[in-house]
Amino acid sequence: MILFPCTWMVTLPLLTGYAVLRSARTRARRIFPTGHRRIMDPEVMRVQRVRAWTAVVVSLFILLVYGKPDDFTEAQTQFWLRPVITPWLLLLSAPAVVAVLYTSASPEAKRAMRPCLRRAGRSALWYVGVVTLIPLLFVACVLTLTAVERNPAELFYLVPFLYLAVLIGMAWAVLFLVFASSSAVRSGFNTSEVHAALPALLTGLLVWELTGISLAVGGLPPGPPLIRIAALVGGPAWVTAVAWWEIHRLRTRYGVTLRA
């Protein structure tokens, strides 16, 4: 009989955690499907993988050869900073790129793009809403605790339920962002459905924005001047070249044009 309550004390949090995780993952996958490109070109995907791994190897090599302890700390900071700021850069950049493509499209293409634009807008609102939910829950918790201090006898019973609701809400929001952010970034918040060339265009723009932020926050990479400039410009230039090569393949092999 003693083991029964102990079992429930362990099982109930596990079941609740699993339900929250499953709900967040299901909602994230429904809003941001994992297939982020209309046209999946195996050759392009292979080149992108090679480019990504080469960039990692080159960055580590420069750090190991020329880096100082401060450079390793700065690299670690930027590694964690990029996933945080990338979705917000996309939220600012994607509407501008979509607007240029939309205004240059034919009337028939515009009619086909409108439903996709609405879906992309809803997915962006979902992401912003979930991010906003976390500070709102915190503010609600603070306001309720303030009210409890003023009327402890009447409102003290609310505290356990409040903490539980805030904990579950924050856990759901964080898990949603974990499951959604990768697909949201790759698809440009589902703007890839609007136009097949948008992932490549957004990648080419985003890499230069991130380079500018890295330069402003951490300065040039370590090493001699030539190595510094090559490391700063070479990576974004290579990403841009691969993006334009992808657009060229879309145009020549699949008949996708920027005005279509």
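## Cavities

Helices here are DSSP runs of H or I with at least four residues, numbered from the N terminus. The model is a predicted one, and its count of cavities of 30 Å³ or more comes to two. The largest cavity holds about 40 Å³ of space.

What lines that cavity? Gln78, Leu81, Arg82, Ile85, Leu210, Ile213 and Ser214 do the job. Helix 3 (69-104) and helix 7 (198-218) each put in at least two of the lining residues, with helix 3 giving the most at four. By type, the lining splits into four nonpolar residues, two polar and one charged.

## The nonpolar core

Now for the packing. The largest nonpolar core takes in 40 residues, and the ones with the most contacts inside it are Phe32, Val130, Trp172, Phe176, Phe189, Leu198 and Leu202. Helix 1 (3-31), helix 3, helix 4 (107-150), helix 6 (158-187), helix 7 and helix 8 (225-254) each chip in with at least two residues of this core. As a general backdrop, nonpolar side chains in soluble globular proteins tend to be buried together.

Leu202 is a handy place to zoom in. Setting aside neighbours within four places in sequence, Leu202 touches Leu90, Ser93, Ala94, Val97, Gly188 and Thr191.

## The loop between helix 6 and helix 7

Thr191, one of those Leu202 contacts, sits in the loop between helix 6 and helix 7. Is Thr191 buried or exposed? Its relative accessible area is 7%, and the cut-off for buried is under 20%, so Thr191 counts as buried. Apart from neighbours within four places in sequence, Thr191 is in contact with Ala94, Val98, Ala120, Leu198 and Leu202. Leu198 and Leu202 also appear in the list of core residues with the most contacts.

Asn190 belongs to the loop between helix 6 and helix 7 as well. Asn190 is buried too, at 6% relative accessible area. What is the backbone doing there? Phi of Asn190 is near 65°, which is a positive value in a residue other than glycine. For context, most residues other than glycine have a negative phi.

## Aromatic pairs

How many aromatic pairs are there? The count comes to six. Phe32 and Tyr127 make up an edge-to-face pair, with 6.4 Å centre to centre and 85° between the planes. This pair ties together distant parts of the chain: Phe32 is in the loop between helix 1 and helix 2 (42-66), Tyr127 is in helix 4, and the two are 95 residues apart. Both Phe32 and Tyr127 are buried.

Zooming out a little, ring pairs join Phe32, Trp88, Tyr127 and Phe189 into a cluster. Phe32 and Phe189 are also among the core residues with the most contacts.

## Ala124 in helix 4

Last stop: Ala124, found in helix 4. With a relative accessible area of 16% and a buried cut-off of under 20%, Ala124 counts as buried. Ala124 and Phe32 are 92 residues apart in sequence, and their C-alpha atoms are 9.8 Å apart in space.

What does Ala124 touch, leaving aside neighbours within four places in sequence? The contacts are Leu91 and Phe189. Phe189 is one of the rings in the cluster with Phe32, Trp88 and Tyr127.

Notes
Residues are numbered from 1 along each chain as its sequence is written. This is a predicted model: local features need pLDDT of at least 70, side-chain atom pairs count only at pLDDT 80 or more; totals for chains, interfaces and linings use all residues. Side-chain values use heavy atoms; hydrogens and water are left out. On a 1 Å grid over the protein atoms alone, a cavity is a set of points where a 1.4 Å probe fits but cannot get out, and a pocket is an open set with protein on both sides within 12 Å along at least five of seven lines; lining residues have an atom within 4 Å of a point. Grid points are joined across faces, edges and corners, and a volume is the space filled by probe spheres set on the points. Ala, Val, Leu, Ile, Met, Phe, Trp, Tyr, Cys and Pro count as nonpolar, Asp, Glu, Lys and Arg as charged, and the others, Gly among them, as polar. A nonpolar core is a set of buried Ala, Val, Leu, Ile, Met, Phe, Trp, Tyr and Cys residues joined through side-chain atoms within 4.5 Å. Buried means under 20% relative accessible area, exposed over 50%, partly exposed in between (1.4 Å probe, protein chains only). Contact means heavy atoms within 4.5 Å. Rings of Phe, Tyr and Trp (its six-membered ring) pair if their centres lie within 6.5 Å; planes under 30 degrees apart count as stacked, over 60 as edge-to-face and the rest as tilted.
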